Amino acid sequence: MKHPARTSRRTLLALVGASLASAPLLNSPQASAAAAGLDDPAKKEIAMKLVSSAENSSLDWKAQYKYIEDIGDGRGYTAGIIGFCSGTGDMLDLVELYTDRRPGNVLAPYLPALRRVDGTDSHDGLDPNFPRDWARAAQDQEFRRAQDDERDRVYFGPAVRQGKTDGLRVLGQFAYYDAIVMHGDGTDPTSFRNIRRRALNQARPPAQGGDEVTYLHAFLDARVWAMKQEEAHSDTSRVDTAQRVFLRAGNLDLDPPLDWKVYGDSYHIG
């Protein structure tokens, strides 16, 4: 999504894997006890709707496979269900995966251009027809499946695994997911891993014997700090009037009904 990390999916996965493998809590009893989580199908559906409310002002996240625009955040085109960006490598990885599965697809001719613009906000070689062809590709079930798979592999899976490792319930796992979606997991100060590290300096997660609510407030404080470091993310309502609302209500399992606001708009899941 709209994250500053310039690493590719493959590099990102290696970094995340190394981070998780080195975590001393990975096989802890507390982590094992957190069996159910955001990966439960009903909870995952809620997660997708929550992210879509912030990114697309809609709960209809499945309508976003065809979404594409340049939102002026320095990352080129932002597109699809998780905001794959032409400037941050994850859009390139997605189109490469799609082309592996569907050779000769409508986006395959753009691969050289996507490689050139990676790390920049340039549209060189993409305009004028890339948005049109992205929308055409989104009519293909194989492309929608590729978006789902990349979302899960790069963002959702790592966030849920780390949340369970930290002994967090569904809300905490979602807080991790929303953070890694926006900020990525690179080495810069506002990346997910460094947001988490900043929180750990203030509180301990349940897997380390800490109080879950106290830790999640520390994590959300760190997330707000990270968002305010960049103008494109300076509106923190997706934390203040959404995640923090659920936390203050003690709804650590994101059980419906859920009511929240993002950018002043109200949403409800019954």
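Is Leu254 buried or exposed? In this predicted model, Leu254 counts as buried, with a relative accessibility of 0%. The residue sits in the loop between H11 and S4, and its backbone stands out a little: phi is near 50°, a positive value in a residue other than glycine. For context, most residues other than glycine have a negative phi, and most peptide bonds are trans. Tyr263 also goes against that habit, with a positive phi of about 55° although it is not a glycine. Tyr263 is placed in the loop between S4 and strand S5 (265-269). Unlike the buried Leu254, Tyr263 is partly exposed, at a relative accessible area of 39%.

Cis peptide bonds turn up as well. One runs from Pro256 to Pro257, with omega near 0°, and Pro257 belongs to the loop between H11 and strand S4 (258-262). Another runs from Asp127 to Pro128, where omega is near 10°. Pro128 falls in the loop between helix H5 (111-117) and helix H6 (130-137). Asp127 has a further role in the picture, as it joins Glu69, Asp70 and Asp121 in forming a negative surface patch. Of these patch members, Glu69 lies in strand S1 (residues 68-69) and is partly exposed, with a relative accessible area of 38%.

Now for the charge pairs. Side chains of opposite charge can pair when their charged atoms come close. Searching the whole structure turns up 23 salt bridges. One of them pairs the side chains of Glu230 and Arg75, at 2.6 Å from N to O. That pair ties together distant parts of the chain, 155 residues apart: Glu230 is in the loop between helix H10 (212-227) and helix H11 (237-248), while Arg75 is in the loop between S1 and strand S2 (78-79). The two ends of the bridge are covered to unlike degrees: Arg75 is buried because its relative accessible area, 2%, is under the 20% cut-off, whereas Glu230 is partly exposed at 24%.

A bridge between Arg132 and Asp133 shows a similar split. Their side chains meet at 3.2 Å, N to O. Arg132 counts as partly exposed, at 45% relative accessibility, but Asp133 is buried, with a relative accessible area of 5%.

Helix H7 (residues 141-165) holds a pair of its own. Arg145 and Asp149 both lie in this helix, four residues apart, or about one turn, and their side chains form a salt bridge at 3.6 Å, N to O. Here both partners are partly exposed, Arg145 with a relative accessible area of 37% and Asp149 at 23% relative accessibility. Elsewhere, Lys44, Asp148, Arg151 and Asp152 are joined into one network by salt bridges that share partners.

Two further buried residues round out the picture. Ser86 lies in the loop between strand S3 (84-85) and helix H4 (90-101) and is buried, with a relative accessible area of 2%. A polar atom of the Ser86 side chain lies 2.8 Å from the backbone nitrogen of Tyr77. Ala179, in helix H8 (residues 170-183), is buried too, with a relative accessible area of 0%. The C-alpha atom of Ala179 is separated by 9.5 Å from that of Arg193, and the two residues are 14 apart along the chain.

Key: Residues are numbered from 1 along each chain as its sequence is written. This is a predicted model: local features need pLDDT of at least 70, side-chain atom pairs count only at pLDDT 80 or more; totals for chains, interfaces and linings use all residues. Side-chain values use heavy atoms; hydrogens and water are left out. Patches are made of residues with over 30% relative accessible area and no salt bridge: like charges are joined within 9 Å, nonpolar side chains (Val, Leu, Ile, Met, Phe, Trp, Tyr) within 5 Å. Accessible areas come from the Shrake-Rupley method with a 1.4 Å probe; for residues, only the protein chains shown count as cover. A salt bridge is a side-chain nitrogen of Lys or Arg within 4 Å of a carboxyl oxygen of Asp or Glu. Lys and Arg count as positive and Asp and Glu as negative; His and the chain ends are not counted. The place of a charge is taken as NZ of Lys, CZ of Arg, CG of Asp or CD of Glu. Helices (H or I, at least four residues) and strands (E, at least two) are DSSP runs, numbered from the N terminus. Buried means under 20% relative accessible area, exposed over 50%, partly exposed in between (1.4 Å probe, protein chains only). A polar contact is a pair of N or O atoms within 3.5 Å; within protein, one must be able to donate a hydrogen and the other to accept it, and residues adjacent in sequence count only if both atoms are side-chain atoms.
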